[in-house]
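Open the structure in your viewer and keep the selection tool at hand. The tour makes two stops.

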Amino acid sequence: MDDSEVEPCVMTQIKRFDFLPHEIFGICHVPAQAIGRTGVILFCPGHQYRVGPHRMYVKLARLLEQNGFYVLRVDSEDIGDSTGGFNCQYLHEVHGLIQRGKFVKTARKIIQTFKKEYSLKKIVVSGLCGGSLTGLLAARKCRDVDAVLAFGLPLAYSDVSGHIFMTNAGGAAPKTAGESSSSPISFFEKVRKRDLWKKILTGQINIPSKLKLLREEVEKKLLKKNPTINYKVVKALVYLLNSDRKIKLIFSENDFHLKNFRAVVDSIPDLKKSLTQRSGCIFIIKGANHIISLPEWEQEFHKIFLDTLRFWFYET
Amino acid sequence: MKRPSNMIRAQAGSRREAFFFPNAEGANLFGIAHIPVKDSKRVGVILCSPFAEEKLNSHRVFYNFANLLASRSFHVLRFDYWGTGDSDGDFERATLASRVQDIISANELFKVRYGLDIIIFVGLRLGANLALKAASLTETSYCIAWAPVIEVYKYFFDLLRINLSTQTLQFKKIVKKRGDLLGDLKAGRFVNIDGYNLTWALFEQAEEYSLTNILNVLNGNEGFNLFLVDIVKNIKRPNRELNQFAEQWPKTIALKIISLPPFWKGGIPQYIGCPESLFEYSLSWMTQKLNPVS
C-alpha cells in the first residue's frame, strides 16, 4: 500500500505539539465552511483521553464542526497519546493533581498555538469535569481566551480526604464541600498511627505529594478555610465572572459536582454576588448524570452548547 | 510493595506515526504506529481494544505497552475500530463482524506499510475474542489474549445492568427489567449503556464469538500459538474455564494467571497505566516464541 492510501482525513487533522519535554497529541476538526474563525478547545476529562466518556467529545466536535467551528480535542501530558505518565497509585491522587492546575501551563501553550496555527479570532475553552477546570484556570491567565463553556465543573478537591489522612484505611469518598468543615480531621492523630509509618517505610505512599497535601491542609486550617473547596478555581471563576469574558456553566441535575457547586456558592458571598450579576450563566440539564449518557440529555446538552456559541459570536 | 511507575521510560527507542487508513468499506480508521528506531525484528504487534468504556479505561495501558514493545524492536499498531475512538462512524452501527474486518484491514496495512513478516495480535477482554477471530481468518499464528470474554452473550447481557442503574437515577425505580430491554433490542431499538447504544446485532453475533467456538476453529490451525492471560483479583481463585482450555490444548495454549485489579473497569480506586507483570509476561512469551525466527 502506498502513502496515498493512508492520507489523513481531510476534515480531521492529527495535531502534535512539541512542548518540551512533552509531545502533546490532539485531533483538530476543521469545518468545511468556517463561520467566522472561532475555535473550541476540549480539554480531556480528568484522567480520560480526548475521546471522552461514550465518545462525548467526538460527537460534540462533529456537531460543532458541521456548524462552522474549529474544534481541538487534546490530551494533556500524561494522558491519552501525549507523553509522560502519572506517578500515582490512586485515581483520587491523579484528580487532585489536575484540580491543582497540573495541566494549566500546557493548556496555555495549546491555546496560543491553536489560535496562531489556524488564524483564529475567538477561542473558547471547554471540557467535562477536570477538562473544564483546566480550561477555566488557563482562561484566568491567558488573554487569548474569549469564552469559557464548562460542563460539570468541580469546585471541591477529590483527594483532600485522601487515604493517608482518613480515619478508615479503606478510603471513603470525600464529603460534599459544604459538609466537611463541620468535622475537621486531626492530622496529628494520624501521624501517631503505626499503619501510616508502615506505609511510608515500605514506599506505599508518595511522600512529597502527601507533604504538599498536608501543607495545604494546614494552611487552610490556619486561614480557617474549608479544606475541601478548591479556592484556586473559585478565585478564577470570580475573576472571569467579573471580567468581559463570556462564561457559561453547564451542570447535570444528578451530578454531585452540582451539589458541591451549590454548597460552595452558598458559603462564598463573592462568588454568589458575581453569579447573580451574570444571570443566565448557569444551565442545568434536568435529570442528567455526570457523563450525560442518555440521548435526550445529550441532545439538550448539544443544543445549549451550540446555541450559546451562536449567541456569543454570531448573533450579538 | 513497590510503587507502580505507570509509565514506560523507553520512548527514546521508538518513534510514532499517527494516520487515518481505510477499512474494507473505505471509511477512515485512526491508527498510531510505534516504530522501533533500531529495527532488528520484522515483527509487528497489533493491539485490539476492548468494548465501549473498557477501551477508554485501558487506553493508557495500551499506549505504555506499545512504547515498551517498540523499545524492544517490535513494530506496534494501535487503532480504533469503525464507530469507536477517533475513527469514522457511529458506535451503534458497528458490529462484532465489522470490528474483525477492521482488524484484518489494519493487519494488511501494517504488514505492507512497514514490510513486516510476522504479526502478533494482542487483545484485551472482548478485543481478545475479536483478535482470535481475526487470527482464524488470516495467517496469523501468534495471539495474546488478556482476560478474554468467555461467553460474549452473557457479557452483553451483564452490561444491561448499567441501564437498570441509569433507570433508577432517571425514574427512581426500574421501569424495564433486563428481559424487557432484550425485547426492545429484538424490536430494533437501542439500549443505552453509559452512553453507548447496544444493538440486537451484537447479541445475535455473540455466540459465534464465544471463546470455545473460536478456539475450536483455531485449534485446527497448525502452528497456532496462544498466550492466555487470566487476570484475577486473587491468584488462588483462577478462572476455571480458561484453565480447562489450556489443559485441553496444551500444545497451542500457554496460560498465565496474574493478580491485578481489573484496570479496564471504571470505578476502581487504583490508577493503573502500566501493569508491569502483565507486560513482562507477555513480552517474555513473545520473545520466547519468536527466538527461532528473529
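**Stop one: a strand in chain B**

Select B:Val232, and opposite this residue you will find B:Ser259 in strand 10 of chain B. The model is predicted, so to speak of local features a pLDDT of at least 70 is needed, side-chain atom pairs count only at pLDDT 80 or more, and totals for chains, interfaces and linings use all residues. Residues are numbered from 1 along each chain as its sequence is written, chains are lettered from A in the order in which they are written, and side-chain values use heavy atoms, without hydrogens and water.

Now show strand 9 (residues 225-232) of chain B; strands here are DSSP runs of E, at least two residues long, and helices are runs of H or I, at least four, numbered from the N terminus. Of its 8 residues, 8 are buried (under 20% relative accessible area, 1.4 Å probe, protein chains only). B:Asn225, B:Phe227, B:Val229 and B:Ile231 point one way, and B:Leu226, B:Leu228, B:Asp230 and B:Val232 the other.

Add strand 10 (residues 253-259) of chain B, which pairs with strand 9 of chain B in the parallel sense over 7 bridges (pairing takes at least two DSSP bridges). Then add strand 6 (residues 142-146) of chain B, parallel to strand 9 of chain B and joined to it by 5 bridges. There B:Tyr142 stands opposite B:Asn225.

**Stop two: two helices in chain A**

Select helix 3 (residues 104-117) and helix 4 (residues 130-141) of chain A, whose axes are 9 Å apart at an angle of about 70 degrees. The two helices are therefore roughly perpendicular (65 to 115 degrees).

Key: Axes are lines fitted to C-alpha atoms, for helices over the stretch in contact, and angles run from 0 to 180 degrees between N-to-C directions. Angles under 35 degrees count as roughly parallel, over 145 as roughly antiparallel, 65 to 115 as roughly perpendicular and the rest as oblique. Buried means under 20% relative accessible area, exposed over 50%, partly exposed in between (1.4 Å probe, protein chains only).
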